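Colleague: Got a minute? I'd like to go through this one with you.
Modeller: Sure, let me bring it up.
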Amino acid sequence: MDTPLIEFKNVTKRFGEQTVLERVNLQIYEGQTTTIIGLSGSGKSVLLKHIIGLLEPDEGTILFRGKPLTEMKKSEIATSLSQISYMFQGNALFDSLTVYDNIALPLRETTNLKKAEIDRMVMARIEQTELAEAAHRYPSELSGGMQKRAALARALITDPRIVLFDEPTTGQDPVRKNAILSMIAQYQRKFKFTAIMVSHEIPDVYFISNRILALYDKTIVFQGTPEELGNFDHPFNNEVISSLEGLQKELTGLYSKRQFKILNHVQLERRRHFKNVNHVQLERRKSGESYCVVVFTLSNMDAIISSLGHDAAQEVIHSLGLYIDKHFGAIGGFSTRRKSNEFVTMLPFSDLVEAENILNAFVKDFQEQGIRDIWAETQKQAPSVKCVDFTIRAGIAQGQPIAEIDAVIDSAESQQKEIGRLRCAVEE
Amino acid sequence: MAHDTNIRKSPENEPKCRPGMFLAQPFTFIGEAVIGWINGLGTATVFLFMALLKTFRPKQLSKVVRQIYYIGARSTPIIMLVSLFTGMVLGLQSYHALVQFGAQGAVGSLVSLSLIMELGPVLTAIMITARAGSAITAEIGIQRISEQIDALHTMRINPLQYLVSPKIIAAIISFPLLTAVFDLIGIFGGYVSGVVLLGLNGGVYLHSIQTYVVLSDITNGFIKAIVFAVIVATVCCYQGYFAHMRKDSHGAQAVGLATTSAVVLSCVLILVSDYVVTSLLI
């Protein structure tokens, strides 16, 4: 693998008698979104502050592009740190400056750009972060979400190569939380910076993260992809992930991927148990040994975000999730959000024919009413938007108890076709 | 025996109250307080030095002008009000004292010398401490606890250059100007009470000022004003800047206590330094 952009080697930090980080080892790679997860007070923010140089380790080494910071000249450290931007948990906006002035501050103070050039750059960021109407208001006059966006705009104004996000979604409602995460993901793709984020928002952060670092008991106990974290056998998974996942249903009302798999496993185990105790019924339900999976995708998310904004785009996902859950939950199905714009529904007692009938009924209902309901909810977030185009696709696949659920989901995904389209608020 | 020795050496088994402890306690307390005070003085001096080093950097002028407006221009009305009544009281008191000796002609010189050499710089400094100094501490303290100062660090903006240096320079410029305003309005107040209200001859009042006030009196007054400016600005900025490191409180309470400390300490240091500077200048 490449040389890590940032590497911690046996970093220990104490505040007086209290040890906050103990022999922390981690690697962060360039161009990725890395999320540090852990319980409150576990030292996530302290870890982040070491990266930007606000804190120094008591023991251990921090390496930047393979070179220890302690061996760098002052000018080298300054150059390295100048590539990093930081978005604070509490935003840290200057409350005596307007949003415009807050965003312009780093440019005014650290560059020799002309006023017109600064104005052009600031207004561009203000437009991108949907803050045009708030540009000349003070932070205290803004909502929490707008303050977050202002802080994000300020963090991005100098085009940093690395952006640190300290719990960027704290205090936001579920739709805004996901809107902020979606915004971070979109900007990360657009500006190609390395994003390092501290968050509690499990599983929502999984959708935008390439790598997860798990901080537990003062040290990093896991580094890997969100998928690998699912198979990580450690008390962290039971104590931290489970407790944080309790909140996951906020946005969509759906199960997390982990809970979805557990539920699937439980259903299969029940069926095996049923097989052992009642052979007669087993024979009768032999055809029911299979299950079906439906994968729904909201296509072209970036276009939806650019037309509706992040908040309203999340409202579309929120409403779609609720609609799917309402429909399939009533007949014993259970669903999860698999990607930021993708849902998976499990129909545990249906074969392919039955599942197709259920899906057809859903499609009919969705085209007649569902898509209008989703648009009506979305318009509450973006009342000025009159015209938007979005497409919903669905695919279905049948699985056997012995089959890997992920393979069945991939199969369903590959068979997706359009089931609904909204254009300029008129169903086609 | 070895076991017994270990028990005796263990700190938790040492007697809680030894006879000498009661005697040592006041000295320990005084010693710690003095060391803490000297440490604070040293840190504040370094803080001032670092802030002054950042004075002559690009883009500082507009910040200094803005601070002159906040510290100087916006303090002018209260300074004028206080100086008017200070001058009037001085005129009134000195007239009634001097008239007993038939020396009421010296009211003008007494009022003007008192104001120019002593009351002008001291009361101006105290008034600015109360009005602007407390605001400076609260502002910087809030910026500290809400991580705005950390945010400056992350944006590669030196907080001393951005926040502290302009305030100290603005104070050094504003204090002598406001002292001059105080002196003039105070002398006018003495004229109002002595001449207009008590019937003293106006010409005599002004003539005695012209006769007894010399340039060095005015210069000394301004030197004091500059010394007070450095003290007040440094103390107020320092208290706010390190509000988060207070041991007696945290958060908003720390900012409140830092503001109180800044005002009290500034006033005490104004009076102490007034004596020191006066003794050096006389």
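Modeller: We can take chain A, then two odd residues, then the contact. Keep in mind that this is a predicted model.

Colleague: How many helices and strands does chain A have?
Modeller: Chain A has 15 helices and 16 strands.

Colleague: And what share of chain A counts as buried?
Modeller: Of its 428 residues, 42% are buried.

Colleague: What about contacts between residues at least 6 apart in sequence in chain A?
Modeller: Of those, 71% link residues at least 24 apart.

Colleague: Now the backbone. What is the phi of A:Asn10?
Modeller: A:Asn10 has a positive phi, about 50 degrees, and it is not a glycine. The residue sits in strand E1 of chain A, residues 6–15.

Colleague: Why does A:Asn10 count as partly exposed?
Modeller: Because it has 13 C-beta neighbours inside 10 Å. Exposed would need 12 or fewer, and buried 20 or more.

Colleague: Where is A:Glu167?
Modeller: In the loop between strand E7 (162–166) and helix H6 (174–191) of chain A. A:Glu167 also has a positive phi, about 45 degrees, without being a glycine. It is partly exposed, because 19 other C-beta atoms lie within 10 Å.

Colleague: Switching to the contact. How many residues does each chain give?
Modeller: Chain A gives 13 residues and chain B gives 12 residues.

Colleague: Which element supplies the largest share of chain B's side?
Modeller: Helix H6 of chain B, residues 148–154, with five residues.

Colleague: And what classes are on that side of chain B?
Modeller: Four nonpolar, four polar and four charged residues touch chain A.

Terms used: Residues are numbered from 1 along each chain as its sequence is written. Chains are lettered from A and ligands numbered from 1 in the order in which they are written. This is a predicted model: local features need pLDDT of at least 70, side-chain atom pairs count only at pLDDT 80 or more; totals for chains, interfaces and linings use all residues. Two residues are in contact if their C-beta atoms, placed from the backbone, lie within 7 Å. Helices (H or I, at least four residues) and strands (E, at least two) are DSSP runs, numbered from the N terminus. Ala, Val, Leu, Ile, Met, Phe, Trp, Tyr, Cys and Pro count as nonpolar, Asp, Glu, Lys and Arg as charged, and the others, Gly among them, as polar.
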